[in-house]
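Good morning, everyone, and thank you for making time for this. I would like to walk through one structure that is new to most of us, so please have the sequence and the model open while I talk.

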Amino acid sequence: MKLSLVLLEALFVLVLSQQGCSKTTSEGGFQSGILRQKNYPLLWRIVREGGHRGMAECQQQFQNEIWNCSLANKNVFKQLPIFVKTTLPHATRETAFLHAISAAAITHELTLQCRQNRIPGCKCGKTRRQPKGNIGWQWGGCSDDIKFGEKETRRFIDKLERGGDAARTAFNLHNNEVGRKVVRASLTKECKCHGVTGSCNLKTCWKQLAPFNVVGSELKQKYRAAVRVSFLNNKLHKRDNNRDRRDRLVTRKDKKLVYLDSSPDYCVRNATAGSPGMRGRTCLGDQVSTGECRSLCNSCNLRHRTVEQSKQVKCRCKFVWCCTVKCKLCNVKYSRTTCV
């Protein structure tokens, strides 16, 4: 595993050096290439942080469902499955979600750290032209540079999709792009008031990323609505059950997740699919109801064992002048249900 990671990093360095040296037609392009090479270790660290953030959000979104974004191989989970291709052998809707949430999280993290001035040479994003008329606000502040996040994510993630299975490459690239589009669509207009005593006669506004859990929720909806496709003539096509109509080509404008293969049975352990199965899975009653936990086991034709437990949590907190918060410890009961 360590050897494969070293080879992967070497591939990234090669890609960066090729890109940095090819843009010598202008001084700005050359300097940009040199800057990217100098920032490579920093960018690679941010890419990995973003990837792990995406996996954590995946687990959060699916924590109480049969497929809960877990992988039987914990080593691969740590190294990130989008980089260890053998762990995602099938182009299912779950694999589609993993690619989309990973690309989205990396885009979000790169854009966020750009705004926080943690990436040398990264500036504020450009905003659209100011609308005409007296609208009471104007563009200002520092908008998130979503273009930077998208560009760097493509450079680190999409560049890996070279050679090999053409169908799988098209599948991965499409779902990566969907993830980035959801991040871009999450940008909202934030404003700050100006004027005498906060009268807000004029507002300065900028574009800012939504919290990543908003992106995760939107991608989960797209997971539910994912479309099965086929790969014909080196293109992805949406399947049409009506024989009188031709399958529609999937283009870059499509915003839906797509999949090629049916999902395996995640109720049972499947080392090939990376599924640990439901037997031995636990569900906590302080997150969802005990009935929901039991239903999770029953849906896989497994029995359940529920144990009542307790834990100490902070409670009856009070603000003490100045400037601390003092809390007491209270015992809280909850249930732990295990599928057996």
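**A walk through the model**

Let me begin with a single residue, R180, which counts as buried because its relative accessibility is 0%, and the cut-off for that word is under 20%. I should say at once that this is a predicted model, so please hear everything that follows as a description of a prediction. R180 sits in helix α7, and, once its neighbours within four places in sequence are left aside, R180 is in contact with A103, T107, E150, T153, R154 and D158.

For contrast in setting, please turn to T127, which is placed in the loop between α5 (93-115) and β1 (137-139). Is T127 buried, partly exposed or exposed? T127 counts as partly exposed, because its relative accessibility is 33%, and that class lies between the 20% and 50% cut-offs. If we again set aside the neighbours within four places in sequence, T127 is in contact with W139 and S143. The C-alpha atom of T127 is separated by 9.4 Å from that of C142, a residue 15 places away along the chain.

Now let me step back to the chain as a whole. The protein chain has nine helices and 10 strands, and of its 340 residues, 44% are buried. When we consider contacts between residues at least 6 apart in sequence, 67% of them join residues that are at least 24 apart. The chain exposes about 19,500 Å², and 51% of that area is supplied by carbon and sulfur atoms.

Next, the strands towards the end of the numbering that I have picked out. Strand β9, residues 304-320, pairs with β10 in the antiparallel sense over 15 bridges, and the two form a hairpin with three residues between them. Within this pairing, K314 stands opposite L329 in β10. Strand β10, which covers residues 324-339, is also joined to strand β8, residues 282-284, by three bridges, and these two strands run antiparallel as well. Here the residue to find is L284, which stands opposite R336 in β10. As a general reminder, side chains in a regular strand alternate between the two faces of the sheet.

Let me turn to the spaces in the model, beginning with the second largest pocket, which holds about 320 Å³. That pocket is lined by 15 residues, and those nearest its centre are A170, L173, H174, V250 and R252. Two elements, α7 (166-185) and β5 (235-238), give two or more residues to this lining. Which element provides the largest share? The answer is α7, with six residues, and this is the helix where we placed R180 earlier. By class, the lining of this pocket has seven charged, five nonpolar and three polar residues.

Finally, how many cavities of 30 Å³ or more does a search of the whole structure find? The search finds one, and the space in this cavity is about 130 Å³. Of the 16 residues lining this cavity, L88, T92, T95, Y266 and A273 are the closest to its centre. The cavity lining divides into eight nonpolar, seven polar and one charged residue, whereas the pocket lining that I described a moment ago has seven charged residues.

Conventions
Residues numbered from 1 in each chain as written. Predicted model: local features only at pLDDT ≥ 70, side-chain atom pairs only at ≥ 80, totals over all residues. Heavy atoms only, no water. 1 Å grid on protein atoms, 1.4 Å probe; cavity = no way out; pocket = protein on both sides within 12 Å on 5 of 7 lines; lining within 4 Å. Points joined across faces, edges and corners; volume = space filled by probe spheres on them. Helix = DSSP H or I, 4+ residues; strand = E, 2+ residues; numbered from the N terminus. Nonpolar A, V, L, I, M, F, W, Y, C, P; charged D, E, K, R; others polar. Buried < 20%, exposed > 50% of the residue type's maximum accessible area, 1.4 Å probe, protein only. Contact = heavy atoms within 4.5 Å. Areas by Shrake-Rupley, 256 points an atom, 1.4 Å probe, with all protein chains shown as cover. Pairing = 2+ DSSP bridges.
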